[in-house]
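User: Could you take a close look at the empty spaces inside this model for me? I'd like to know what encloses them and which residues line them.

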Amino acid sequence: MLTRRLRPLVVLGLSAGGVLLGAPALAEGPAPVAARPVEFSAGLRALVGGNYSSAPTDIQPPGYEGLGFAGESGGFGWGFGAYGELRAWRHLGLELSLSRDLSSLQREVTYNSAVKIVERVDYASTRVGGLLKGILPLEVGRLWLGVGMEAMLSPSAEADLEFTEGAQYVSNQEAVRQLIHAGDDGSTLLALGLGFTAHLGALLELPVELRAAHHLSQPSAWDERVKLRFQGNTLQGYTVEPIPTWDFRLGIGLGARF
C-alpha cells in the first residue's frame, strides 16, 4: 500500500529532475552564427571640402608676387560618386571608387595697394581610386583607417582674372584678363582616409569619412607648375595646370551590405 502511494511521487521527482537538468541547455539557446569570412558593400556618396596649393619654389625674379599663382592658393571642392567594398576576415577591406569632382583654386594679387585681382581656375574631373583599409568591427558598425591611390583623369578647366578692387585704374582690363589660360594635365594622388560606417538594420549602411589626398604629380618649381610666357621681365601670359597640393573631403553616403 505504501509503495503504491509513493510511486507517483517518485515519478514526479524524476520528471522534475529531468526538467532541471535540461534547463541550462534551454537557457543557452542556439549557437551563434559565425561571421562570414567575406562580405561586400556598395553604395553612393557625396563629398565636400577644400583644396590647397603650396607656394612654388624657384620664383624668378626672386621676390616676385604678381600674377601666375606665384604663392599659396586655395579653393572649394565637392563631388559625388559610387563605391564598392570587399571585406575579408572582418578586419581587412578593399574599396574601389568612381567619382566626379568639381573644384577651384584661387589667389588674390594686389598691385600698388590699389588694384586687386583674383586669379582663379575652375576644373572638373573624373576620379578612380582604390583604398586598402584596416577595420575595427563594432556592434553598431565599423571603424576604419585606410591608405591608397587615386587618379584624376582628363580634367576640363577654365581660368579667369577678376578685378575686385581698383579696376578704374586699369586702362585695358580685357588684355589683362586674357593673360591666364587653363591646362588639362591629370594627376596621381596618395589618399589617406578615416571613417565610420554605421549599420542601419541588417541591410543598409551609412558611411561617414574624412579624406586627405596629396597630388604626387604636382612639381615644386614655379616654371613647371605654371607655363609662363615672358618678354624681358614682363609677363605676357601663363597657363595654369589644375593640380593642387592637397585635397580635403568630408563624405557621407548610403549603401547596402550583402
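Analyst: Happy to; here is a walk from the barrel to the cavities within the structure. A word on the ground rules: this is a predicted model, where local features need pLDDT of at least 70 and side-chain atom pairs count only at pLDDT 80 or more, while totals for chains, interfaces and linings use all residues. Residues are numbered from 1 along each chain as its sequence is written, and side-chain values use heavy atoms, with hydrogens and water left out.

Let's start with the barrel. Eight strands, in the order β1-β2-β3-β4-β5-β7-β8-β11, form a closed barrel with antiparallel pairing; strands here are DSSP runs of E with at least two residues, numbered from the N terminus, and two of them pair if DSSP finds at least two bridges between them. On average, neighbouring strands are turned by 20 degrees against each other, direction ignored, with axes being lines fitted to C-alpha atoms. β1 (residues 38-53) and β11 (residues 246-257) pair in the antiparallel sense over 12 bridges, and one of the bridge partners is Gly-255 of β11, which faces Gly-43.

Now to the cavities. On a 1 Å grid over the protein atoms alone, a cavity is a set of points where a 1.4 Å probe fits but cannot get out, and lining residues have an atom within 4 Å of a point. Volumes are the space filled by probe spheres set on the points, which are joined across faces, edges and corners. The whole structure holds 3 cavities of 30 Å³ or more.

The largest cavity has a volume of about 220 Å³. Its lining comprises 19 residues, and Leu-47, Arg-127, Glu-150, Arg-211 and Arg-249 lie nearest the centre. Two or more lining residues come from each of β1, β2 (73-88), β3 (92-111), β7 (187-200), β8 (204-215) and β11, and β3 gives the most, with 4 residues. By class, this lining has 8 nonpolar, 4 polar and 7 charged residues, where Ala, Val, Leu, Ile, Met, Phe, Trp, Tyr, Cys and Pro count as nonpolar, Asp, Glu, Lys and Arg as charged, and the others, Gly among them, as polar.

The second largest cavity has a volume of about 70 Å³. Among the residues lining this cavity are Arg-45, Lys-133, Arg-142, Trp-144 and Glu-209. β2, β5 (141-165) and β8 each give two or more residues to the lining, with β8 giving the most, 3 residues. The lining of the second largest cavity divides into 3 nonpolar, 1 polar and 7 charged residues.

Definitions and conventions
Axes are lines fitted to C-alpha atoms, for helices over the stretch in contact, and angles run from 0 to 180 degrees between N-to-C directions. On a 1 Å grid over the protein atoms alone, a cavity is a set of points where a 1.4 Å probe fits but cannot get out, and a pocket is an open set with protein on both sides within 12 Å along at least five of seven lines; lining residues have an atom within 4 Å of a point.
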